[in-house]
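The following report considers a pocket, a helix beside it in the discussion, and a nonpolar core, in that order.

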Amino acid sequence: MTRIDAFSSQEREAIKKEIKQELRHEGARKRLLSCGVLLVVALFVVVGPIIYVSAQLAKTGFFDVPVLSRSLYKPTVPARTVLPLFGSKTEDIQRVLGTKVRYDPTTSQATLPVTEAEITTLVQHAIAAAPPNTLPFPIRTAQVAIDPTAIEIYAISPQKNRDATVRVRFRPFVKAGELKADVEEIAVGSLLLPKRLGNLMFSAFGAIVTDAAAEQVGNIGRLVNIELEEGAVKFIIVPNIR
């Protein structure tokens, strides 16, 4: 039986040409889609870290990032408000501390209790007397709160569009006669710093407190231990031989 072809040779050629064009168009669409996906991935890889870093900087309050600072910055708050001893100078505090030393002849050690208000007063005077370039950032006010588990330093730093806050919590300890600190938390605005970075920042900021305390204790003797209680710290000292 003879097969009757429904399409002429010209029609078959036209169909083949149309199929080839459709295949080329489909390949072009796939290549365009692949390029679009690669572009989105590239933008995410490049822009993503920039957005992340910008968001972290905005949380600190020390950097003014458009849109992000207003929505992400939340100032930290202290555990409680500690007021300095108004009208007291550094020399006044030193004289008071000298009268508070209690010597125990059974241990040949002395105890020096210092309240958080006295430390706050010393710190504020130290900040006021410090040359501006020696502080890690401008400090309007600072306070020190003490509880049985840690010492908290809280500072307010004036910035261009807001007041930025810094809160540091650390556990003091004594090593080889020197006052050291185990940093538990450093919050800059609403950003909690990783412990390693927090330790670096403490060496610049928290040292304002530890150095002030070490100076006062050094005038009496060698530090051997430290004890925390609500609102005060006790330094255990081996007095200098006079």
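In this predicted model, the largest pocket has a lining of 15 residues, and those that lie nearest its centre are L122, A126, I208, A212 and E215. The space in this pocket comes to about 200 Å³. Two or more lining residues are given by each of the elements α3 (90-100), α4 (116-129) and α6 (207-218), and the largest share, six residues, is that of α6. By residue class, the lining of the largest pocket divides as set out below.

| Class of lining residue | Number in the largest pocket |
|---|---|
| Nonpolar | eight residues |
| Polar | five residues |
| Charged | two residues |

Of the elements that contribute to this lining, α3 can be described further. Its buried residues are I93, L97 and K100, and they lie on the same side of α3 because the arc they cover around the axis is only 55°. R95 and T99, in contrast, are exposed on the other side of α3. The cover over the buried residues of α3 includes the strands β1 (102-104) and β2 (109-115), together with α4 and α6, and these two helices also give residues to the lining of the largest pocket.

The largest nonpolar core holds 39 residues, among which I119, V123, I186, V233 and F235 touch the most other members. In soluble globular proteins, nonpolar side chains tend to be buried together. For I186, once its neighbours within four places in sequence are left aside, the residues in contact are R167, V168, L191, L192, L193, G198, M201 and F202.

Methods:
Residues are numbered from 1 along each chain as its sequence is written. This is a predicted model: local features need pLDDT of at least 70, side-chain atom pairs count only at pLDDT 80 or more; totals for chains, interfaces and linings use all residues. Side-chain values use heavy atoms; hydrogens and water are left out. A nonpolar core is a set of buried Ala, Val, Leu, Ile, Met, Phe, Trp, Tyr and Cys residues joined through side-chain atoms within 4.5 Å. Buried means under 20% relative accessible area, exposed over 50%, partly exposed in between (1.4 Å probe, protein chains only). Contact means heavy atoms within 4.5 Å. On a 1 Å grid over the protein atoms alone, a cavity is a set of points where a 1.4 Å probe fits but cannot get out, and a pocket is an open set with protein on both sides within 12 Å along at least five of seven lines; lining residues have an atom within 4 Å of a point. Grid points are joined across faces, edges and corners, and a volume is the space filled by probe spheres set on the points. Helices (H or I, at least four residues) and strands (E, at least two) are DSSP runs, numbered from the N terminus. Ala, Val, Leu, Ile, Met, Phe, Trp, Tyr, Cys and Pro count as nonpolar, Asp, Glu, Lys and Arg as charged, and the others, Gly among them, as polar. The arc is that of the directions from the helix axis to the C-beta atoms.
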